[in-house]
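Please look through the sequence and the model shown here before reading the report beneath them.

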Amino acid sequence: MTINVGDKLPETKFRVMTAEGPQVKTTDDIFKGKKVALFAVPGAYTGTCHKMHLPSIFLNAYALKNKGVDTIAIVSVNDAFVMNAWKRDTDQRDEAVFLADGNADFAKAIGMELDASGNGLGIRSKRYSMLVEDGVVKKLNLEPAPGKVEVSGGDTLLGQL
């Protein structure tokens with residue numbers, strides 16, 4: 001089942017890097033009582049994700065927060081160490097939380113898993129953006145092709161606020 005606007009996010013776990021090492025964060029830890037702009041990418045450092053999707057998020061980060069977004073979250077099917085390095089290399093103003101969905105548990109739970117094994121990447125997440133308020137999906141922008149950023153960028157979600 002693919003998640004839809006109006007659905008509540010299922011309870012899953014992410015890993016987030018902290019000064020003490022990787023820590024588990026639940027869906028409630030990230031989304032409960034907050035307005036969250038969630039951006040999902042197939043893989044950290046991959047061409048489209050790194051060169052197109054992330055810049056669209058960070059170029060619009062201030063404006064998203066000015067429109068009431070409490071948290072900007074980026075999720076990928078990568079481990080917490082890779083996500084932490086990607087944050088270090090891209091998020092110069094510490095504007096987002098990078099969520100590691102290493103086993104694709106979240107992607108599978110919301111029906112957004114992508115089989116990229118034909119390209120040697122295994123199971124990944126589809127590319128999308130989502131506005132989530134108190135755990136409920138309010139906007140969902142799913143890219144029809146994983147190699148494009150036409151409807152899932154920061155500019156699109158900003159325009160929907």
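The report below takes up an annotated cysteine, the nonpolar cores, and two charged residues.

**The annotated cysteine**

This is a predicted model, and a natural place to begin is Cys49, where an unreviewed UniProt entry places the feature "active site". Cysteine 49 lies in helix H2, which covers residues 47–58. Is this residue buried or exposed? Cysteine 49 counts as buried because its relative accessible area is 0%, while the cut-off for being buried is under 20%. When neighbours within four places in sequence are left aside, cysteine 49 is in contact with Val41, Pro42, Gly43, Leu54, Pro55, Trp86 and Arg127.

**The nonpolar cores**

The largest nonpolar core has 22 residues, of which Phe39, Leu54, Ile72, Ile74, Trp86 and Phe98 touch the most other members. Several elements each supply at least two residues of this core, among them strand E3 (35–41), helix H3 (61–66), strand E4 (71–76) and helix H4 (80–90). H2 gives the most to this core, with four residues. Two of the contacts of cysteine 49, Leu54 and Trp86, are also named among the core residues that touch the most other members.

Isoleucine 74 shows what such a position looks like: apart from neighbours within four places in sequence, its contacts include Phe39, Leu54, Trp86 and Phe98, and also Ile57, Phe58, Met83, Ala96, Val97 and Leu99. A second, separate core of 20 residues includes Phe14, Ile30, Phe106 and Tyr128.

**Two charged residues**

Lysine 35 has its place in strand E3, and its C-alpha atom is separated by 6.4 Å from that of aspartate 134, although the two residues are 99 residues apart along the chain. Not counting residues up to four places away in sequence, lysine 35 touches Lys67, Gly68, Val69, Asp70, Thr71, Leu131, Val132 and Glu133.

Glutamate 143 is found in the loop between strand E9 (136–142) and H6. Although glutamate 143 is buried, it has no salt bridge. The table sets out two distances for this residue, to arginine 127 as the nearest side chain of opposite charge and to a backbone nitrogen that its side chain reaches.

| From | To | Distance |
|---|---|---|
| Glutamate 143 | Nearest side chain of opposite charge, arginine 127 | 5.8 Å |
| Glutamate 143, side chain | Backbone nitrogen of serine 152 | 2.7 Å |

Both partners in the table, Arg127 and Ser152, also appear among the residues that glutamate 143 touches, together with Lys148, Val149, Glu150 and Val151, again not counting residues up to four places away in sequence. Arg127 is also a contact of cysteine 49.

Definitions and conventions: Residues numbered from 1 in each chain as written. Predicted model: local features only at pLDDT ≥ 70, side-chain atom pairs only at ≥ 80, totals over all residues. Heavy atoms only, no water. UniProt positions renumbered as here; feature names shortened; annotations may be inferred. Buried < 20%, exposed > 50% of the residue type's maximum accessible area, 1.4 Å probe, protein only. Contact = heavy atoms within 4.5 Å. Core = buried A, V, L, I, M, F, W, Y, C linked by side-chain atoms within 4.5 Å. Lys, Arg positive; Asp, Glu negative; His and termini not counted. Salt bridge = Lys/Arg side-chain N within 4 Å of Asp/Glu carboxyl O. Polar contact = N/O pair within 3.5 Å; in protein donor to acceptor, adjacent residues only side chain to side chain.
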